[in-house]
Amino acid sequence: MIANRHGSGASMYFRMLRRAAQLRKGQAAAALAALAIAGAAATAMLNLYVDVQVKLRKEFRKFGANIIIEAKPGEGFSPDAFAQIQSAVAGRGLAVPFAYAVARSDKGQPVVVAGADLEQVQRLNPWWSVTNWPHAPDQALIGARAAQLLSPDGKPFTLRHEGREIHVSPVGTVRTGAGEDSRVYLSLSDFQQWTHLAPSVVELTASGTNSEIASLLQQLQRQLPNADVRPVRQITEGEARILGKTRLTLLSSASFIVLTTALCVLATLTGWVVDRRRDFAIMKALGASDRLIALFVAGEAAALAAAGTILGFAAGIGIAALIGRINFNAPVAPRFSIFPAVLLGSLLVTLIATLVPLRLLRRIQPAMILRGE
Amino acid sequence: MFVRLVYESFHRQRQRKLLVAIAVTLGATVSTAMIGIALGIGDKISHEARAYGANLVVTPEEDSLDVQIGSVNLKPAASGAYLDESALPKIKGIFWRNNIAAFTPELPATVQLNGADTTLLGTYFAKSVKFGTDQFTAGARTTFPWWKVRGAWPDDDSQDVLVGEKLASLLNLQPGADLKINGAQHRVSGILSTGSAEDDQVVAPLPVAQAILGKPGAIRKIFVSAVTKPEDAFARRNPDSLSPADRDRWYCSPYPQSIAYQLQEAIPHSRAEQIRQVAQNEGNVLSRITGLMLLITLAALFTSGLAVSAAMATAMFERRTEVGLMKALGAGHASLSSIFITESVLLACAGGVVGFLLGALLTREIGREIFGSSIGVQPVLLPVILGISIAVTFGGSAVAIRRAVKYDPVLALRGEA
């Protein structure tokens, strides 16, 4: 419309924008900096807020199994059933079968012996305090309390189960403060050769949101109607609670930070517009309409906002990645999907910050401003 | 003259000054709130982590091995040592007593139920324990918050019992039913669901289990849920090998190890250990969350500092003509700078104090809203916030002041700078 009225309106408009940026480099830079900072803060906080759940879930998986599958008493899992479990959790978790038996030591002391793939146990339960993991056959990992009774000096010992004997040498002790301290752990193949018992418990650690875990539970219950599939409520409920509170804290901190930086942008830009009232008065005196001036200021502000957001977005992703690397030893993946939200937010703030004071200035006669009143 | 100039500047440009003051106040508010949250969140999350239940366990010093697979306890009833129930209140007498969030004793007994061996677990549910003048409610309800009961929790002095949900469906029991255990009649007050071994067990008040075993006053284990600090290299040191000063520091830090050590001192002939699954992982998650909040706080301090500086810088640019006039009247660089510096410091102090108070209020409310208990902000933080505010305002105005001082007064007065 402007172009219709004045032949070179559009080119004049852009020349004004360009010259304004050149002539008032300092102030434009301050406004741009404020916008970039606000953009960086918003980007970093949003990115962290979205990502922290993934990061903390990974930490929570170190708690060990969150699902336990138990066979009917007296029964074990066939390799077929275990393969079904494996395929259900493929790619998002770890399933470790455990076989248990009560054996007797030389002195007739009853002791629980467990058979499991110890390399997988190490991945499942990284909190176990183990002096040395066994690697060779006939080597055993024994609980700290069992060690005191069975092999106080670390010598090999014999275990008896239903008339069959096994001779094991302890290579390391495990300390957890729970039932594991009273057990002897053997590799699954040693255990099965000795007792001919199949695994009766599968411990499963699966990552995912609550609904993903719930659907995995249902799937497993459907596939294994004879087994008892249950979530470890202690772990799942504690996790949900900590996660929820952390995200709430993060969200409230994020909103305060973004609000503060946005208000500072508001203050910076308002000052910037008010300071240029003489320019606008001259434009008006030369015949520019209120609308043209508003359009000019809005264009300028939008260009600043866009540039500031791009700079800030890049910086914000960097900050989030840095925080992720320092705190979680893994970078926070940049989420480009939040860019439109950040851009929209900063455009909104800039337009409010520039057009509102402009409206106030419009009421004043150009002559008064030019006379310095 | 100097005082009048500063006063007049505030008096005449009230709106402009107000804008800058608001920016400084907001920055100080957010800084205070973030620092307060970052320092307080460890304690709060540790309280939340009590949802994981006990992180420490106390067992008899000389104990035989546990022989338990799943829910079936195969430990011979006669074997093993016991702790003394009367020592329990002493738990609330240790140095870190206020960090003990919950505790409960346990005494398992094997009973015949429907022709099968079943474990009956004796424990407290919500029993009032007295140490000195302190009243404390101990029991499974607070120690294991994930235990859920359909029906009612039994009274600690009654003969009522809870039946695990799997056992209940096996025996076809409903809340209110009668159950014969070792010849004695008990009322099933509720069905218990825990998601672990207790689902196959009977859980009864402690005296019931003691009567079945014929061992009044005996308990097998104490589960303790304590608010702790994540362990570090210092926590893992052996207290007996430390120098007296270090030992005091170790003893007076709420590490899982030092609380376990104190429990061991309080309960005779006992051994206290951390339950590593809970204690270790909790410490791990805790240090991640506190680390995250600290880093975010740093980032927040930095960004709000810069944002306030930018607001300050624009406010300074506007005063070119004023500077020109003062210079034309003969003001030197030093006096000009001191006026502006005084102004910024005044603004920073006012904004800092108001911001600190608002921030402390905000922190308290966030704590109440999210964690159900307020997070306190230490008054020690005030000078820190004031220092940061002054540095930020000063940093923001420094460039502008330097430029303003350098202007040619003629150009500035004609408005051409």
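**Exercise 1. Is Thr173(A) buried or exposed, and where does Thr173(A) sit?**

Work on the predicted model shown above, and place this residue in its surroundings.

*Solution.*
- Step 1: start with the chain. Thr173(A) belongs to strand 7 of chain A, which covers residues 164-175.
- Step 2: count neighbours. Inside 10 Å, Thr173(A) has 21 C-beta neighbours. The cut-off for a buried residue is 20 or more, so Thr173(A) counts as buried.
- Step 3: look for contacts. Leaving aside residues up to four places away in sequence, Thr173(A) touches Thr131(A), Ile142(A), Gly143(A), Ala144(A) and Ala147(A).
- Step 4: check a distance. Ala146(A) is 27 residues from Thr173(A) along the chain, and their C-alpha atoms are 9.0 Å apart.

**Exercise 2. Which strands pair with strand 3 of chain A, and in what sense?**

Follow strand 3 to its partners, then judge its burial.

*Solution.*
- Step 1: take strand 2 of chain A. It runs antiparallel to strand 3 of chain A, and six bridges join the two. One bridge to look at has Ala101(A) partnered by Val113(A) in strand 3.
- Step 2: inspect the turn. Four residues lie between the strands of this hairpin, and Gly108(A) there takes a positive phi near 85°.
- Step 3: take strand 8 of chain A, residues 183-186. Its pairing with strand 3 is parallel, over four bridges. Here Ala114(A) stands opposite Tyr185(A) of strand 8.
- Step 4: judge the burial. Strand 3 of chain A is largely enclosed by the rest of the structure, because five of its six residues are buried.

**Exercise 3. How do helix 9 and helix 12 of chain A pack?**

Describe the geometry, then the residues that meet.

*Solution.*
- Step 1: recall the description to use. Two packed helices are described by the angle between their axes and the distance between the axes.
- Step 2: apply it. Helix 9 and helix 12 (residues 339-362) of chain A pack at about 35°, and their axes are 8 Å apart. The crossing is right-handed.
- Step 3: find the residues. From helix 9 of chain A come Ala262(A), Val265(A), Leu266(A), Leu269(A), Thr270(A), Val273(A) and Val274(A). They meet residues of helix 12 of chain A, including Val349(A), Ile352(A), Ala353(A), Pro357(A) and Leu358(A).
- Step 4: sort by class. This contact of helix 9 with helix 12 has 11 nonpolar residues, three polar and no charged.

**Exercise 4. Which element of chain A gives the most to the side that touches chain B?**

Move from one chain to the pair.

*Solution.*
- Step 1: set out the totals. In this interface, 69 residues of chain A are in contact with 61 residues of chain B.
- Step 2: list contributors. Elements of chain A that each supply at least two residues include helix 3 (25-60), strand 2 (93-105), strand 3 (110-115) and helix 11 (290-328).
- Step 3: name the leader. Helix 9 of chain A gives the most, with 24 residues.
- Step 4: sort by class. The chain A side holds 37 nonpolar, 21 polar and 11 charged residues.

**Exercise 5. How many Å separate the domain centres of each chain?**

Finish with the overall layout.

*Solution.*
- Step 1: chain A divides into domain 1 (2-59 + 242-370) and domain 2 (66-231). Their C-alpha centres are 58 Å apart.
- Step 2: chain B is assigned domain 1 (2-46 + 286-414) and domain 2 (55-274). For chain B the separation of the C-alpha centres is 54 Å.

Definitions and conventions. Residues numbered from 1 in each chain as written. Chains lettered and ligands numbered in written order. Predicted model: local features only at pLDDT ≥ 70, side-chain atom pairs only at ≥ 80, totals over all residues. Buried ≥ 20, exposed ≤ 12 C-beta atoms within 10 Å, placed from the backbone. Contact = placed C-beta atoms within 7 Å. Nonpolar A, V, L, I, M, F, W, Y, C, P; charged D, E, K, R; others polar. Pairing = 2+ DSSP bridges. Domains from an automatic or database assignment. Axes fitted to C-alpha atoms, helices over the stretch in contact; angles between N-to-C directions. Left-handed = near helix turned anticlockwise from the far one by under 90°.
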